[in-house]
Amino acid sequence: MIILQLVGGIVMGKLPEDASYASAVFTIHQSNGLTILALSLFRLVWRLTHKPPPLPEGTKAWDRLFARATQAIFYVLMIAVPLAGWLMVSGHEGSVNFFFLFPVPHLPAVGSHELWEEAHELLAFGFIGLIPLHIAGALKHRYVDRDGVLARMLPGRREAAPTH
Ligand code: HEM
């Protein structure tokens, strides 16, 4: 969802402003973004209340630190990017029409539209840096360390967890 949202956000900026479908595209971007925010908050609560399986024994200290840091930054972005988007439209535009179903209330207007627009864009580009790093890390576990960490990230593959 996040990757689609990044691609969609960039494409959206290139649409002709008078295109008849532009407002529908914005509505879908905003609705999808708010869904990501809700799922991320749920996931954060889940992560804080459920201990993840330990990393394989023998994982180096720098590797652990690197994994923790990228994961923490992911959580920050997963919440901050959609929140900045919501704050951006709150002081400026009509309510978000959630998947054309119902209006979502505005957040209290803090800061300017320009501030949140800039924050939304910069933080979204943080994802573009972090996602390839995350994929590279997963592939390193699979092909260099061969420790089963990639397999346990995939749905329904818990039994394939570390063999050390
Ligand atoms: C994880 C969620 C989200 C991601 C990854 C994301 C990503 C992006 C990206 C990459 C852009 C293009 C930035 C640029 O090139 O200027 C963009 C633009 C935009 N986003 Fe999001 N977005 C998310 C959530 C939201 C939400 C929740 C809202 C509003 C409720 C929102 C509203 C907007 C608007 C209005 C623009 C156009 C800004 C402009 O006019 O320059 N986004 N988004």
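This passage walks through the fold, the salt bridges, the charged surface patches and the annotated spans of a predicted protein model.

Start with the overall picture. The protein chain has 164 residues, and 32% of them count as buried. Its secondary structure adds up to five helices and two strands. Going along the sequence, these elements come in the order α-α-α-β-β-α-α, so to speak a run of helices, then the strands, then helices again. Measured out along its principal axes, the C-alpha trace spans about 55 × 30 × 30 Å.Next come the salt bridges. Side chains of opposite charge can pair when their charged atoms come close. A search of the whole structure turns up two such salt bridges. One of them joins Asp63 to Lys140, with the closest N and O atoms 3.2 Å apart. Asp63 belongs to helix H3 and Lys140 to helix H4, so this pair ties together parts that sit 77 residues apart in sequence. The two partners differ in how much of them is covered: Asp63 is buried, because its relative accessible area is 11% and the cut-off for buried is under 20%, whereas Lys140 is partly exposed at 26%. Lys140 also meets the side chain of Asp145 in a salt bridge, with 2.7 Å from N to O. Asp145 has a relative accessible area of 29%, and therefore counts as partly exposed. Put together, Asp63, Lys140 and Asp145 are linked in a network of salt bridges.

Charge also shows up in patches on the surface. A negative patch is made up of Glu114, Glu117, Glu118 and Glu121. Glu121 lies in helix H4, which covers residues 113-145. With a relative accessibility of 43%, Glu121 counts as partly exposed. A patch of positive charge brings together Arg43, Arg47, Lys51 and Arg68. Within this group, Arg68 is part of helix H3, residues 61-90. Arg68 is exposed because its relative accessibility is 57% and the cut-off for exposed is over 50%.

Now for the annotated spans. In an unreviewed UniProt entry, the annotation "transmembrane region" covers residues 20-45, 65-89 and 122-139. In the model, residues 65-89 are 100% helix and 0% strand, and the C-alpha atoms at the two ends lie 36 Å apart. Residues 122-139 are likewise 100% helix and 0% strand, with 27 Å between the end C-alpha atoms.

Two residues of helix H2 round off the picture. Val45 sits in this helix, which takes in residues 22-49. Val45 counts as exposed, with a relative accessibility of 53%. The C-alpha atoms of Val45 and Val76 are separated by 13 Å, and the two residues are 31 residues apart along the chain. Ile28 lies in helix H2 too. A relative accessible area of 42% makes Ile28 partly exposed. Between the C-alpha atoms of Ile28 and Leu15 there are 14 Å, with the pair 13 residues apart along the chain.

How values were computed:
Residues are numbered from 1 along each chain as its sequence is written. This is a predicted model: local features need pLDDT of at least 70, side-chain atom pairs count only at pLDDT 80 or more; totals for chains, interfaces and linings use all residues. Side-chain values use heavy atoms; hydrogens and water are left out. Patches are made of residues with over 30% relative accessible area and no salt bridge: like charges are joined within 9 Å, nonpolar side chains (Val, Leu, Ile, Met, Phe, Trp, Tyr) within 5 Å. Accessible areas come from the Shrake-Rupley method with a 1.4 Å probe; for residues, only the protein chains shown count as cover. A salt bridge is a side-chain nitrogen of Lys or Arg within 4 Å of a carboxyl oxygen of Asp or Glu. Lys and Arg count as positive and Asp and Glu as negative; His and the chain ends are not counted. The place of a charge is taken as NZ of Lys, CZ of Arg, CG of Asp or CD of Glu. Helices (H or I, at least four residues) and strands (E, at least two) are DSSP runs, numbered from the N terminus. Buried means under 20% relative accessible area, exposed over 50%, partly exposed in between (1.4 Å probe, protein chains only). UniProt positions are given in the numbering used here, feature names are shortened, and annotations may be inferred rather than shown by experiment.
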